[in-house]
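Student: Could we go through this structure together? I would like to begin with the charged side chains and then move on to other topics.

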Amino acid sequence: MELKEYFPIWDDLTAKQQKTLSDHITYRTAKKCTSVHNSTTDCTGLLLIKKGQLRAYILSDEGKEITLYRLLDRDICLFSASCIMQSIQFDIMIDAEKDTDFLLIPADLYKKIMNESAPLANYTNEIMAARFSDVMWLIEQIMWKSFDQRLAQFLLEESSLNESLILNITHETIGKHLGSPREVVTRMLRYFQNEGMIKLSRGKIEITDKQKLLEVGDHS
């Protein structure tokens with residue numbers, strides 16, 4: 001897959017800039033459940049996802065996690081190169097949720113070309129704005145949505161991502177995604193089960209009434 005497929009402004013770069021990016025890109029793989037970026041490596045570089053799924057999240061001092069967004073095929077991750085953006089003052093962790101193949105552009109190289117190229121700088125700002133929009137959406141959900149709504153929406157999102165009504169996921173993992181204690185997740189999942197929306201088994205959740213789950217996720 002060529003870099004041009006990731007950057008719609010590729011043709012606006014000079015031939016030298018294109019060659020520099022192409023010559024310095026590296027191919028990487030990350031196994032499921034491994035760390036791709038953490039607070040000790042604040043300038044991993046720009047990640048271009050070829051195939052797989054990554055999870056970006058923040059971690060509190062007490063060890064509480066909450067998912068900010070997912071990165072899927074052909075997505076670009078800027079927060080893994082946070083050193084090129086002085087406005088980023090918080091640590092973001094990135095883990096592989098599936099076996100993932102990605103391309104890596106060194107942060108210092110990307111920053112140099114971004115400083116030379118207005119089209120690349122503008123496109124980078126667009127990506128950053130979209131990610132901050134994701135984060136603002138998350139904050140809005142936490143502030144204004146009840147937990148049953150957020151949990152229903154999460155289960156539906158997982159079902160869509162995995163193209164299956166059977167989710168291989170633990171209550172603890174869901175709690176990490178939503179920033180809620182496992183006990184709270186378990187209690188609400190049991191309520192969903194009693195209402196006939198899901199069926200629980202060890203390490204699995206089967207969606208049995210998708211329409212009813214949709215109604216819970218959509219109610220105001």
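Student: Which side chain meets that of Arg-182 in a salt bridge?

Tutor: Please keep in mind that this is a predicted model. The partner of Arg-182 is Glu-183, and the N to O distance of the salt bridge is 3.4 Å.

Student: Is Arg-182 buried, partly exposed or exposed? And what about Glu-183?

Tutor: Arg-182 has a relative accessible area of 42%, so it is partly exposed. Glu-183, at 44%, is partly exposed as well.

Student: Which residues do salt bridges with shared partners join into one network?

Tutor: That network consists of Arg-70, Glu-97, Glu-157 and Glu-158.

Student: How many salt bridges does the count come to?

Tutor: The count comes to 12 salt bridges. One of them lies between Lys-112 and Glu-116, at 2.8 Å from N to O.

Student: Where do Lys-112 and Glu-116 lie?

Tutor: Both belong to helix H2, residues 107-116, and they are four residues apart, about one turn of the helix. Lys-112 has 49% relative accessibility and therefore counts as partly exposed. Glu-116 is also partly exposed, at 46%.

Student: And which residue does Arg-131 form a salt bridge with?

Tutor: Its partner is Asp-134, with 3.0 Å between the closest N and O atoms. These two residues are in helix H3, three residues apart, which is again about one turn of the helix. Arg-131 is buried, because its relative accessible area is 13%. Asp-134 has 27% and is partly exposed.

Student: Which ring does the charged end of Arg-131 sit over?

Tutor: It sits over the ring of Tyr-69, 4.4 Å from the ring centre. Arg-55 offers another example: its charged end is placed over the ring of Tyr-57, at 4.1 Å from the centre.

Student: Let us turn to rings, then. How many aromatic pairs are found in the whole structure?

Tutor: The search finds five aromatic pairs. In one of them, Phe-7 and Tyr-123 meet edge-to-face, with 6.0 Å from centre to centre and 75° between the planes.

Student: What parts of the chain does that pair link?

Tutor: The pair links distant parts, 116 residues apart: Phe-7 is in the segment before helix H1 (15-24), and Tyr-123 is in helix H3, residues 118-144. Both residues are buried. Together with Tyr-110, Phe-7 and Tyr-123 form one aromatic cluster.

Student: Why is the pair of Phe-79 and Phe-132 edge-to-face?

Tutor: The planes of Phe-79 and Phe-132 stand at 85°, and the ring centres are 5.8 Å apart, so the pair is edge-to-face. The cut-off for that label is an angle over 60 degrees. Phe-79 lies in the loop between strand E6 (76-77) and strand E7 (93-96), while Phe-132 lies in helix H3, so the pair ties together parts that are 53 residues apart in sequence.

Student: Buried or partly exposed: how do Phe-79 and Phe-132 count?

Tutor: Phe-79 has 3% relative accessibility and counts as buried. Phe-132, at 31%, counts as partly exposed.

Student: Which residues make the nonpolar surface patch?

Tutor: The patch is made by Met-136, Ile-139, Met-143 and Trp-144, and its area is about 490 Å². Ile-139 is located in helix H3, and at 37% relative accessibility it counts as partly exposed.

Student: New topic: the strands. How many bridges are there between E4 and E5?

Tutor: Strand E4 (residues 54-59) and strand E5 (residues 65-71) are joined by six bridges in the antiparallel sense. They form a hairpin with five residues between them, and Gly-63 in the turn has a positive phi of about 90°. E4 also pairs with E7, again antiparallel, over four bridges.

Student: What stands opposite Leu-54 in E5, and what is its bridge partner in E7?

Tutor: In E5, Leu-71 stands opposite Leu-54. In E7, the bridge partner of Leu-54 is Ala-96.

Student: What is the strand order in the open sheet of three strands?

Tutor: The order is E9-E11-E10, with antiparallel pairing. Strand E9 (166-167) and strand E10 (198-201) are at the edges and have a single partner strand each, so one side of each is left without a neighbour in the sheet. E9 is joined to strand E11 (residues 204-207) by two bridges, and Leu-167 has Ile-205 of E11 as its bridge partner.

Technical notes:
Residues numbered from 1 in each chain as written. Predicted model: local features only at pLDDT ≥ 70, side-chain atom pairs only at ≥ 80, totals over all residues. Heavy atoms only, no water. Phe/Tyr/Trp six-rings, centres within 6.5 Å; stacked < 30°, edge-to-face > 60°. Buried < 20%, exposed > 50% of the residue type's maximum accessible area, 1.4 Å probe, protein only. Lys NZ or Arg CZ within 6 Å of the ring centre and 35° of its normal. Patch = residues over 30% accessible without salt bridge, like charges linked within 9 Å, V, L, I, M, F, W, Y side chains within 5 Å. Areas by Shrake-Rupley, 256 points an atom, 1.4 Å probe, with all protein chains shown as cover. Salt bridge = Lys/Arg side-chain N within 4 Å of Asp/Glu carboxyl O. Pairing = 2+ DSSP bridges.
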